Amino acid sequence: MVYGACYYPLSQSEKVKELGVADSKVLTEDMRDELFQKINSDDSVGWLVEIISPSDISTKMLARTKYSLNAVSHDAAINLIRQSIQKGVQVKEIYVDTVGVAENYQNKLSELFPDITIKVTPKADALFPCVSAASIIAKVTRDKVLSNWKFPEDESYNSSDYGCGYPSDPATQKWLNSNLDKVFGYPQFVRFSWSTCQKILDESAVRVHWEDDEEFDNDNTVSLLSFFTQKGVQEKAVKRHNFLESRKLKQVVKF
């Protein structure tokens with residue numbers, strides 16, 4: 001995933017608008033490339049991107065302590081704002097395309113950057129030229145990353161016809177189905193936490209049983225609070241792990 005930020009003097013707002021920037025999703029690839037060149041060649045306009053790999057997102061979203069995709073998006077936006085400030089940009093106004101509830105997201109950013117006027121709203125990439133430009137920059141960067149992607153796992157993966165990456169695209173669905181490894185799933189190119197990917201894995205891949213899942217999911221797992229109960233209070237017997245039971249292993253206290 002790629003997140004972008006675009007900044008310029010407030011006095012240049014009309015000039016940027018006249019470039020013809022718009023929501024990147026309604027533009028063709030050629031139109032985005034042409035607008036990116038205009039943005040990049042304008043000395044009064046600056047931009048930043050943050051690239052988050054599929055494996056990084058999956059690691060966070062599938063961890064024991066869940067980290068939502070919204071939280072990942074918020075972190076990326078916050079990092080881009082901080083990077084802009086660190087570069088010496090005198091940020092006065094910030095416009096953000098919302099992820100999640102706009103009001104909550106805006107309050108979160110306002111607490112972090114109290115001296116800056118912040119506006120978070122749905123479809124901001126179609127309303128504000130700076131967000132439109134940022135969406136174009138992010139989309140062009142994403143396309144370049146994908147077109148130059150090198151698979152570290154195996155050169156036999158088909159990297160040229162994966163479609164747009166949306167589940168509604170037949171080319172994307174075809175690539176996912178034809179490049180599935182029934183044991184290892186997909187290469188790092190695919191985000192395992194993606195619901196489309198999870199559905200295919202559940203239906204077509206080999207189901208794997210992890211013994212440690214039982215330990216964490218078992219209702220008999222010892223609670224941390226149990227260590228603070230009063231002495232003499234009888235506690236519920238704790239079932240031993242299947243690994244120990246199946247191998248007839250017992251605890252030895254005397255030799």
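Helices here are DSSP runs of at least four residues, numbered from the N terminus. With that in hand, let us walk through this predicted model, starting at Val-183. This residue sits in the loop between α7 (170-178) and α8 (195-204). Is Val-183 buried or exposed? Residues count as exposed when their relative accessible area is over 50%, and Val-183, at 56% relative accessibility, therefore counts as exposed. Together with Phe-184 and Val-206, Val-183 makes a nonpolar surface patch of about 340 Å².

Now turn to a pair of strands. Strand β3 (residues 93-97) and strand β4 (residues 117-121) run parallel and are joined by five bridges. If you would like a landmark there, find Val-96, which stands opposite Val-120 in β4. Add helix α5 (residues 102-112) to β3 and β4, and you have a right-handed β-α-β unit.

Next come the aromatic rings. A pair of aromatic rings is described by the distance of the centres and the angle of the planes. How many aromatic pairs does a search of the whole structure find? The search finds nine. One of these is formed by Phe-36 and Trp-47, an edge-to-face pair with 5.5 Å centre to centre and 65° between the planes. Phe-36 belongs to helix α2 (residues 29-41) and Trp-47 to strand β2 (residues 46-51), so this pair ties together parts that are 11 residues apart in sequence. Phe-36 counts as buried because its relative accessibility is 12%, while Trp-47, at 27%, counts as partly exposed.

Another aromatic pair is made by Phe-151 and Phe-189; this one is tilted, with 5.2 Å centre to centre and 55° between the planes. The pair links distant parts of the chain, 38 residues apart: Phe-151 is in the loop between α6 (129-147) and α7, and Phe-189 is in the loop between α7 and α8. Buried means under 20% relative accessible area, so Phe-151 qualifies with 11% and Phe-189 with 14%. Ring pairs also place both of these residues in a cluster with Trp-149, Tyr-162 and Trp-175.

Charged side chains offer another route through the model, which holds six salt bridges. Among them is the one where Asp-42 meets Lys-15, at 3.4 Å from N to O. Asp-42 lies in the loop between α2 and β2 and Lys-15 in helix α1 (residues 13-18), so their pairing ties together parts that are 27 residues apart in sequence. Asp-42 is buried, at 11% relative accessibility, whereas Lys-15 is partly exposed, at 39%.

In a further salt bridge, the closest N and O atoms of Lys-25 and Asp-125 are 3.0 Å apart. What parts of the chain does this pair tie together? Lys-25 comes from the loop between α1 and α2 and Asp-125 from the loop between β4 and α6, so the parts joined are 100 residues apart in sequence. Lys-25 counts as exposed, with 57% relative accessibility, but Asp-125 is buried, with a relative accessible area of 5%.

For a salt bridge within one helix, look at Lys-199 and Glu-203, whose closest N and O atoms are 2.8 Å apart. Both residues lie in helix α8, four residues apart, or about one turn of the helix, and both are exposed. Finally, you can trace a network of salt bridges that links Arg-32, Lys-139, Arg-142 and Asp-143.

Notes
Residues are numbered from 1 along each chain as its sequence is written. This is a predicted model: local features need pLDDT of at least 70, side-chain atom pairs count only at pLDDT 80 or more; totals for chains, interfaces and linings use all residues. Side-chain values use heavy atoms; hydrogens and water are left out. Patches are made of residues with over 30% relative accessible area and no salt bridge: like charges are joined within 9 Å, nonpolar side chains (Val, Leu, Ile, Met, Phe, Trp, Tyr) within 5 Å. Accessible areas come from the Shrake-Rupley method with a 1.4 Å probe; for residues, only the protein chains shown count as cover. A salt bridge is a side-chain nitrogen of Lys or Arg within 4 Å of a carboxyl oxygen of Asp or Glu. Helices (H or I, at least four residues) and strands (E, at least two) are DSSP runs, numbered from the N terminus. Buried means under 20% relative accessible area, exposed over 50%, partly exposed in between (1.4 Å probe, protein chains only). Two strands pair if DSSP finds at least two bridges between them. A crossover is right-handed if, with the strands pointing away from the viewer, the path from the first strand over the helix to the second runs clockwise. Rings of Phe, Tyr and Trp (its six-membered ring) pair if their centres lie within 6.5 Å; planes under 30 degrees apart count as stacked, over 60 as edge-to-face and the rest as tilted.
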